[in-house]
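Hello,

Here is the structure I promised to pass on. My notes on a helix pair and some salt bridges follow below it.

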Amino acid sequence: MNLEQLRKSWVSQADPEIQARIWDRSAEHYRTRPLPDPGEDAFLRRLRHAQPDLAGKRILDVGCGAGGYSLALARLGARTMGVDISPKMIEYACERAREEQLDSSAFRCLNWADADIDALGFRAAFDVAFAHMTPAVADFDTFDRLNACSRGLCAVEKPTRRRDQVMDAALARAGLERERRDEDMEAIFSYLWNRGYRPEFFYSPDLWRTERTVEEMEAWCVDRASLRRTLTEGQEDSIRAYIRDSAVDGKVMETTHTTRVTVIWRVDGK
């Protein structure tokens, strides 16, 4: 598949208002998480192996959430710019940067799917551009835009072969298929190979356990399903009923099995 064919087939229809709502609601869960440890976090280790000298480097973090990776890299001397669609996430990222006294980190709220990288001054402006575990980079245009912002190194990490025990069952109860984005990996390889790059792929199995209130879990599942289709009232009711039935003392424990895939490549031919 050539690049023009890929541009037409690798598309996303995600509603930005729903995306912002989802991550605004989730922001509190990320607010007080410890910053990633460069010695222990696999993504940061791989990034530092590919770009050992980070002092003074300009780094773009697309879909930065509450700013954890931007701030961890700023601690290593980098100058970071984090962008995210969620106003709450950006609010917390700015708050954390002030608390950590990391003036070399900046954050701004924007929808990457609509970002004008020329007007922003982002094109080829960064030594490193990355997107870590975010739906902000999920189709040809958003991936191409990330790539165009780097003058050196790029990296993307995504969850693949994902199984969410509660959410998958709730969607099945409503007659809906579980969320699938595994085809992104095929598209990423095709894009990079057609552009003449030599990407490296790394794989890490992972297990997450996330506790939410019934109301939080209902909103999470309904909004995630609504990103892909308009739900009928009956489908939404079925999802909510399954969540309520799964609750213990007003809480729902979600268990997620996934394989993190990290892709690293250079745009400068080094």
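Glu4 is partly exposed in this predicted model, with a relative accessible area of 43%. Its partner is Arg7: the two form a salt bridge, and their closest N and O atoms are 3.8 Å apart. Arg7 is also partly exposed, at 37% relative accessibility. Both residues sit in helix 1 (residues 3-9). They are 3 residues apart there, so about one helical turn separates them.

That is one of 21 salt bridges in the structure. Two others deserve a look.

**Glu95 and Arg31**

These side chains meet in a salt bridge at 2.9 Å, N to O. The pair links distant parts of the chain, with the two positions 64 residues apart in numbering. Glu95 belongs to helix 5 (residues 87-100), Arg31 to helix 2 (residues 16-31). How accessible is Glu95? Its relative accessibility is 21%, so it counts as partly exposed, the cut-off for buried being under 20%. Arg31 is partly exposed too, at 28%.

**Glu218 and Arg244**

Here the N to O distance is 3.3 Å. This salt bridge also links distant parts of the chain: Glu218 lies in helix 10 and Arg244 in helix 11 (residues 233-246), 26 residues apart. Is Glu218 buried or exposed? Glu218 is buried, with a relative accessible area of 9%. Arg244, by contrast, is partly exposed at 46%. The pair is not isolated. Salt bridges with shared partners join Glu218, Glu236, Arg240 and Arg244 into one network.

**Helix 8 against helix 10**

Helix 10 (residues 214-226) also packs with helix 8 (residues 165-173). Their axes are 11 Å apart, and the angle is about 60 degrees. That angle makes helix 8 oblique to helix 10. The crossing is right-handed.

Which residues meet there? From helix 8 come Val166, Met167 and Leu171. From helix 10 come Met217, Trp220, Cys221, Arg224 and Ala225. By class, the contact has 7 nonpolar residues, no polar ones and 1 charged. The charged one is Arg224, because Arg counts as charged.

So helix 10 appears twice in these notes: Glu218 in helix 10 pairs with Arg244 in helix 11, and Met217 in helix 10 is among the residues that meet helix 8.

Best wishes

How values were computed:
Residues numbered from 1 in each chain as written. Predicted model: local features only at pLDDT ≥ 70, side-chain atom pairs only at ≥ 80, totals over all residues. Heavy atoms only, no water. Axes fitted to C-alpha atoms, helices over the stretch in contact; angles between N-to-C directions. Helix = DSSP H or I, 4+ residues; strand = E, 2+ residues; numbered from the N terminus. Parallel < 35°, antiparallel > 145°, perpendicular 65-115°, else oblique. Left-handed = near helix turned anticlockwise from the far one by under 90°. Contact = heavy atoms within 4.5 Å. Salt bridge = Lys/Arg side-chain N within 4 Å of Asp/Glu carboxyl O. Buried < 20%, exposed > 50% of the residue type's maximum accessible area, 1.4 Å probe, protein only.
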